[in-house]
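Reader: I have a few questions about how the terms are applied here. Could you walk me through the reasoning?

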Amino acid sequence: MEQHCGLITGNKEPVPLKSISVTLSINDFVASVSATLNYENEEKVPLEAIFVFPMDEDSAVYSFEASVDGKKIVAELQEKMQAHSIYEDALSQGHQAYLLEEDDYSSDVFSCNVGNLQPGAKVAVTLRYVQELPLETDGALRYVLPAILNPRYQLSEQSTNSCLNIKTPIVPLEDLPYTLNMVVTITSQHVIERVQSNCCLSPIQYLADDKMSAQVSLAEGHKFDRDVELLIYYNEVHSPSVAVEMGMQDMKPDSLMGAPSAMVSFYPDIPEVEASKACGEFVFLMDRSGSMGMHMNSQMDSQLRIEAAKETLLLLLKSLPMGCYFNIYGFGSFYEKFFPESVKYTQETMEEAVKRVKDLEADLGGTEILRPLCDIYKAPSILGHPLQLFVFTDGEVSDTFSVIKEVKLNSKRHRCFSFGIGEGASTSLIKSIARVSGGTAEFITGKDRIQTKALGSLKSALNSSVGDISLSWILPPGLSASMLSPEHAVIFRGQRLIIYARLNGTMPQVESSGEVCLKYTLQGKSLENRVTFSLQPKANKSFTIHRLAAKSLIQRKDLGSHETSEGEKEDVVNISIQSGVLSSFTAFIAINKDLNQPVQGPLATRVIPWPMMLQDLPVHGFDSYYDDTSDVALASRFSLCEESVEDDVHREREDNGVIRFYDLESLNPYKRKLASVSMTETSDSYTKKANFQNDKKGFGENFAMQLISLQNANGSWELDEHLTKILGTSLEDIKAANPVKDRDPSMWATVLAVLWLHANEKDLKCEWELLERKAVAWLHDNAGSSIQMLVQAASSLLKVSVTPAVFGF
């Protein structure tokens, strides 16, 4: 193949971005990031370079500057339309101009424009941001530097001006012309136990004997084939803490940025209390777009996303309590649901759902989540069964804010537990729909198992919720605290709570302390957590706590240009300008007037590419995801939620009872057929891979999933040949070893199944723990005093042993 140094686009044009350098400073639970993009124009014409890139939606971007021939040009944060006008005027006058903005339609995508980059010129552009680090269930703090920019599925005509619609080149990894290096410094009040990553790191270097500071870096030659994920483990990570930060001296002392700010971190010690067994309506909304046929990560031997999703759905179904209600939706360019409305969880409905789950494929085209959401919300509530919504998606929608708004409008009647599958999942979508509804968000990347995280969230949904949450302060006279964070309606067991507050009044001149108390009730019992803290605010030139508090305020109000009211838009702009934190209504603009030479003709545009692993490309190419004239995109042009959602929808019931919904306005019969064919072909390479690994539908040679699929809704197993095949013995031998032959054989089968799981799947107990509880509860209700005899006989037969506590004796 002909080689071109740095020539990687379809037209073999040089790419002006040469390297990215990241300096990451982690202090306890907060990351401060400085990312420098180094540009060089190797062409003979002036360029405008456009780089569209992802960033975690919790990132508070507060600084943007350019360095040109040793001269630093610091950008100003201005209202976005005004910044765009200044940028265009500067280019027309021959100046260099730099523009950084957040997308109007998704707050985790940014674009950086470098305008009038002269031939031979070298420019370094630096942006800085801070963000909270989420706490994983195993106690790790997680930082991700996104290296994957997935395309966003075109949803509405409104979003045509989004930077998401820029046709960013997707190139093979080996052709990517720019490099990445990253240096990480960690400091903490806690001992740093270890740092792990999905990428190669240099050995950890402790900077002091107390191991409270350390440094690592990406190994030289890192490739952009995955997001860079760091897991930082401290000891005593669950200890509550309060950090107080000085305000800006040149700001009004009672303003957002002028007054001292406090960051309060609680990890409430909430006991595990199981809620009513028959309480809840559980709706599972599963992405079945073509990309769900891809692998979970960049390793070709990893599980396909759709197969992981099927396993997850089966585990969730088997773990539901008797008497609850449930339904399952699949969505892509259109959507299907298993039942016309949520049904009571019985043996019959569970069996029907399990059968359909085994047949699921990644065959529904694009990623259109809004219409099925509207269908779920329009259904009447079931008295005594609060709605718990579980959303699983690896995709993106172009108008994320419309989805967030719909979830927010219905937040008082449900909680949403969201899961981002694979690298590149929209943090804006996943985190926001969980935040506005009082649920939790999880991301499954690398070797994470979606099953583990989904079952953890189901445990939270089944636990009794904490209520009457309040925060009280004990402060010296003349000092008070006002909350900057939204009120929390619910706290889950194992969840960390971060709260921001402004300290009003006169700070003590002598060393003194304050106290903050988190109070809540659980099943009528009052509980509280207290923490005492120093009232000597620390100086921080980045004003990290203030800017994170401002970001929290912006997130509550900013729903993009088409979903935010004029009043809240004005509030967002004011908060953004005052704090220096970027929003969807503001942009950073910097002008270098030293050139002062009129541009000769239009600037040549160069869009910076992102890498793509070629084995994950669809058969018909990646561009079909961008091109809204494609048949797949035509199939996706559903109108947004209206009072009557069904007015423009055609409904078809398949032979298996599944209800499929189409939009008649955008799909005439010919186009509908064409779109359906296109969607099937687009995902064809995925389904072929899935069928190659698993010739028969179901769960192939995965004996654990086969065993779990045999469990009854009430928690028991039948004693039959299907079970004995998994146990590795004959039905006759199993029956002969039964110590209570005159009793229900399901008791013997259920004990054997539970023991088999402990013997063969102990490492994944967190995934089958809930269904085991059902089994043990059923045994206590039906076997009574015979349980101990059954367990002893089963242990002898299978040659395994478990602690008596497993069976409650």
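Author: Happy to; the questions below go through this predicted model.

Reader: Why are H4 and H5 called roughly parallel?

Author: The axes of helix H4 (residues 370–378) and helix H5 (residues 400–409) cross at roughly 10 degrees. Angles under 35 degrees count as roughly parallel, and H4 and H5 therefore earn that description.

Reader: Which residues of H4 and H5 meet?

Author: From H4, Leu 370, Leu 373, Cys 374 and Tyr 377 meet Ser 402, Val 403, Glu 406 and Val 407 of H5. Sorted by class, this contact has six nonpolar, one polar and one charged residues.

Reader: How do you know that Cys 199 has no bond to Cys 200?

Author: A disulfide needs two cysteine sulfur atoms within 2.5 Å. The closest cysteine sulfur to that of Cys 199 is in Cys 200, 7.5 Å away, so the distance is too far for a bond. The structure as a whole holds zero disulfides.

Reader: What makes Cys 199 buried and Cys 200 exposed?

Author: Buried means under 20% relative accessible area, and Cys 199 has 9%, so Cys 199 is buried. Exposed means over 50%, and Cys 200, at 60%, therefore counts as exposed.

Reader: Why do S17 and S27 stand at the edges of their sheet?

Author: The open sheet has four strands in the order S17-S18-S28-S27, paired antiparallel. Strand S17 (241–245) and strand S27 (479–483) each have a single partner strand, so one side of each lacks a neighbour in the sheet. For S17, pairing with strand S18 (residues 261–266) runs over five bridges, and Ala 243 has Met 263 in S18 as its bridge partner.

Notes
Residues are numbered from 1 along each chain as its sequence is written. This is a predicted model: local features need pLDDT of at least 70, side-chain atom pairs count only at pLDDT 80 or more; totals for chains, interfaces and linings use all residues. Side-chain values use heavy atoms; hydrogens and water are left out. Two strands pair if DSSP finds at least two bridges between them. Helices (H or I, at least four residues) and strands (E, at least two) are DSSP runs, numbered from the N terminus. Axes are lines fitted to C-alpha atoms, for helices over the stretch in contact, and angles run from 0 to 180 degrees between N-to-C directions. Angles under 35 degrees count as roughly parallel, over 145 as roughly antiparallel, 65 to 115 as roughly perpendicular and the rest as oblique. Contact means heavy atoms within 4.5 Å. Ala, Val, Leu, Ile, Met, Phe, Trp, Tyr, Cys and Pro count as nonpolar, Asp, Glu, Lys and Arg as charged, and the others, Gly among them, as polar. Buried means under 20% relative accessible area, exposed over 50%, partly exposed in between (1.4 Å probe, protein chains only).
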